[in-house]
Amino acid sequence: MLLTNETQSLDITNGVSVDPEINSFPATLAVSTPQTTLEGTLTNIPWTDGFTLGSGVDVITGSLLGSALKSFMPNLNPIKTSSESYRFISDDSSLNLEIGASASGSYNFNNVKISASTEFLTQIKYSETSITLIAEYSSLFGYSDQPVNYELTEQAKQLATNPAQFRQTYGDYFIADSQRGSRFLAVYVCETSSAESLVEFKASLGAEVPEVFSAEGSSRFMRAASEHHVSISTYLYLEGYTGTAPSGPWSPQTILDALKWFKANEKGENMKAELKHYSTIIPGYPRTIPVDPRIFVELSLLYSQLWDIRARYDSLPKYYQDQYKVPFNTLNLGIVSNQDTLVTNPTLRKSYQQQAQILKADLDDVAARMDFYFEVQESLKNNPEPPANHKINESKGVNKWMYGLDQYLKSDAVVIHKNQYNFKKGVKIGHSHHTFEFGPDSRFLIVGWEVVSNRTDGHNGSWRKTVSQIILRNHATIMVESGYDRAMNWSLIVYYVDAKDYQFE
């Protein structure tokens, strides 16, 4: 995209003819509005519903318009190139690259609607405990390998003498060519119960992304997942084939059989479009529009963020999808339905930018809390709580017993509260007892607890947990007991979060 910010002069009178008589437009009317200079040719634009050869495209509204051209048919390029690619999506940056390759456009006709070629983006999931592998086989034919004679209709020739009217009728570009192809795209969502397991899983695969479309690569991928307790959800998207496609449910093994079928039944369909500005066939036709180029940059960022939000929203548990359903639908449906006005309506554009920023932050916070929740779950496996009523004696040099987590530094969205209870008693004949209790309180969820013996001489007695489980519950009871004819000094520290923010069962 060629963007300029300039003041230009433009003639919009009716004194210019077309074809051999078309001349450059003399500068007679000063326009002080910032200008965008449009590129002459745009390639690799995703082919979307409604695209037909010759149709006009308005870069300000994103609308498809009527054709200014007589019927034409580019030569079908017989040269086909096939390739396989594999990539992990693990963060916002890698997701944005995927969005740029699959759902980007130019100016204001970015592909914001979910289509057959972009639906897979909504399945992508990544966090501290999840990662997504994209495996793609594609075949592409080139654009036309012979020059195409583009010719205006008689009506278009007459309108071309008035650029403003011509643009209103036919837009800025026309669809000049298409690139045919086929695509077989598999999505593998890999989820673990801890960040540590995910790191180990990725490390076991080495520096190279596994080539899961080969029997050897698929086996290595599945073996690594099994060894590191990684669950895999598999999705498949096909474009450009003939016949009845195989159906799921899908797994890494059945994907291989489906790929074999697909390669035998490929039939190229339109995948990409080449757009040409009317100045490429009308000498002197102006390539500038009175729009600040920064607006198109803003919209590109907004549309990319919308795809990011869609992926994040679809990966949430139903509880949180319901909680954010209204703001998500307001933003998603609003941008799609009002795309044609976003260039010219700064108030609406700013409103969606603010909504997207707030919603993205909220969804990121939910994802961070979900990661934390699963880390707490994992801590129970690595350091299990003692059984109920199991007596643990304080001994010299061992005076702290910690279970669960007491802090989380990866996100400010995780707010851990702390309650500390202390009990101290002097010497008493026999044994002294005390029970510490937190809750029960449904407002809270315990994520960690610690028993502390405040004496280190080995004579502070013992303690026991009197409920079956404390971590990820809202109730804790710990009974402490002094030694015989001994003083005692114990503390219980409970770490907890607000339960309403951790509905991940």
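Leaving aside neighbours within four places in sequence, Phe372 is in contact with Leu405, Tyr408, Val414, Ile416, Val447, Val497 and Tyr502. Keep in mind that this is a predicted model.

Phe372 also turns up in the largest nonpolar core, which has 77 residues; Phe372 is listed there with Leu275, Trp449, Trp463 and Ile478 as the members that touch the most others. Helix H10 (residues 346–382) gives this core its largest share, nine residues. There's a second core too, separate from that one, with 25 residues, including Leu205, Ala225, Leu236 and Ile255.

Trp463 leads us on to a sheet. Trp463 stands opposite Val480 in E19. Strand E18 (residues 462–465) and strand E19 (residues 476–481) run antiparallel and are joined by four bridges. They belong to an open sheet of four strands, paired antiparallel in the order E13-E18-E19-E16. Strand E13 (392–393) and strand E16 (433–438) stand at the edges with a single partner strand each, so one side of each has no neighbour in the sheet.

Now for a couple of helices and their buried residues.

| Helix | Buried residues | Arc around the axis |
|---|---|---|
| H1 (residues 92–102) | Ser94, Leu95, Glu98, Ile99, Ser102 | 145 degrees |
| H3 (residues 163–170) | Pro163, Phe166, Tyr170 | 60 degrees |

Why do the buried residues of H1 end up on the same side of the helix? They cover an arc of only 145 degrees around the axis, and that puts them there. The general rule behind this sort of pattern is that an α-helix has 3.6 residues a turn, so residues three or four places apart point the same way. For H3, the arc of only 60 degrees likewise puts the buried residues on the same side.

What do these buried residues pack against? In H1 they meet strand E4 (41–46), strand E7 (80–89), strand E8 (130–141), strand E9 (173–191) and helix H7 (293–314). In H3 they pack against strand E5 (55–57), strand E6 (64–67), helix H2 (154–159) and E9. Just after H3 comes Gly171, with a positive phi of about 85 degrees.

H1 has a part in the largest pocket as well. The elements that give two or more residues to the lining are E4, H1, E8, E9 and strand E11 (269–277). The volume of this pocket is about 510 Å³. Its lining has 24 residues, and Ser117, Arg183, Glu239, Met271 and Lys272 are the closest to its centre.

Key. Residues numbered from 1 in each chain as written. Predicted model: local features only at pLDDT ≥ 70, side-chain atom pairs only at ≥ 80, totals over all residues. Heavy atoms only, no water. Core = buried A, V, L, I, M, F, W, Y, C linked by side-chain atoms within 4.5 Å. Buried < 20%, exposed > 50% of the residue type's maximum accessible area, 1.4 Å probe, protein only. Contact = heavy atoms within 4.5 Å. Arc of directions from axis to C-beta. Pairing = 2+ DSSP bridges. 1 Å grid on protein atoms, 1.4 Å probe; cavity = no way out; pocket = protein on both sides within 12 Å on 5 of 7 lines; lining within 4 Å. Points joined across faces, edges and corners; volume = space filled by probe spheres on them.
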